[in-house]
Amino acid sequence: MQNFDRIIKQAQKMQADIDRIQKELAQENFEGESGGGIVKAVVDGTLNPVSVKIEKEILKSEEVEMIEDLIVAAFTAAQRKAKNTAQEKMKGMYGPLDLPKGLW
């Protein structure tokens, strides 16, 4: 029974740590860019879009499809940064459980 109690306490601590990290991440912003910085996008730690900035010079061009692609690429880069940060913060928590890579 002691082992079970220890496991329950470990799980509760882990859940509290996950909640704390998720709250911290929600407060952070992650910027991604594309086109060498022509388009910059920001997402929060929950991957929701926050803002997008486009250099004025590109708006003068007639290539709408290229601008749309750059916007998508910038948001994708920002989301990747947010996900990588979340994985790094969570990685340390699951180490003691000896879970196979990819499950944490």
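The following exercises, each with a worked solution, concern the predicted model of a protein chain.

Residues are numbered from 1 along each chain as its sequence is written. Local features need pLDDT of at least 70 and side-chain atom pairs count only at pLDDT 80 or more, while totals for chains, interfaces and linings use all residues; side-chain values use heavy atoms, with hydrogens and water left out.

**Exercise 1. Overall composition**

Task: State which elements make up the protein chain and in what order they run.

Solution.
1. Helices (H or I, at least four residues) and strands (E, at least two) are taken as DSSP runs, numbered from the N terminus.
2. On this basis the protein chain contains 3 helices and 3 strands.
3. Read from the N terminus, their order is α-β-β-β-α-α.

**Exercise 2. Burial, surface and contacts**

Task: Determine what percentage of the residues is buried, and describe the accessible surface and the contacts of the protein chain.

Solution.
1. A residue is buried under 20% relative accessible area, exposed over 50%, and partly exposed in between (1.4 Å probe, protein chains only).
2. The protein chain has 104 residues, of which 26% count as buried.
3. Accessible areas come from the Shrake-Rupley method with a 1.4 Å probe, and for residues only the protein chains shown count as cover.
4. The accessible surface amounts to about 7,600 Å², and carbon and sulfur atoms account for 54% of this area.
5. A contact requires heavy atoms within 4.5 Å.
6. Of the contacts between residues at least 6 apart in sequence, 48% join residues at least 24 apart.

**Exercise 3. The hairpin of β1 and β2**

Task: Describe the side-chain pattern of strand β1 and its pairing with strand β2.

Solution.
1. Strand β1 covers residues 29-34, and its side chains alternate.
2. F30, G32 and S34 point to one face and are buried, whereas N29, E31 and E33 point to the other face and are not buried.
3. Two strands pair if DSSP finds at least two bridges between them; β1 and β2 (residues 39-44) are joined by 6 bridges and run antiparallel.
4. One such position is G32, whose bridge partner in β2 is A41.
5. The hairpin has 4 residues between its strands, and G35 there adopts a positive phi near 60 degrees.

**Exercise 4. A positive phi at L47**

Task: Locate L47 and state whether it is buried, partly exposed or exposed.

Solution.
1. L47 lies in the loop between β2 and β3 (49-54).
2. Although L47 is not a glycine, its phi is positive, about 75 degrees.
3. With a relative accessible area of 25%, L47 is partly exposed.

**Exercise 5. Salt bridges**

Task: State how many salt bridges the structure holds, and examine the pairs that involve K13, R20 and K89.

Solution.
1. A salt bridge is a side-chain nitrogen of Lys or Arg within 4 Å of a carboxyl oxygen of Asp or Glu; the structure holds 5 of them.
2. K13 and D17 form one, with their closest N and O atoms 2.8 Å apart.
3. Both residues belong to helix α1 (residues 2-27), 4 residues apart, or about one turn of the helix.
4. K13 is exposed at 52% relative accessible area, whereas D17 is buried at 18%.
5. R20 and E24 form another, at 3.0 Å from N to O; being 4 residues apart in helix α1, they are separated by about one helical turn.
6. R20 is partly exposed at 42% relative accessibility, and E24 is also partly exposed, at 32%.
7. E24 further forms a salt bridge with K89, the closest N and O atoms being 3.9 Å apart.
8. This pair links distant parts of the chain, with K89 in helix α3 (residues 64-94) and E24 in helix α1, 65 residues apart.
9. K89 is partly exposed, at 29% relative accessible area.
10. R20, E24, E28 and K89 are linked in a network of salt bridges.
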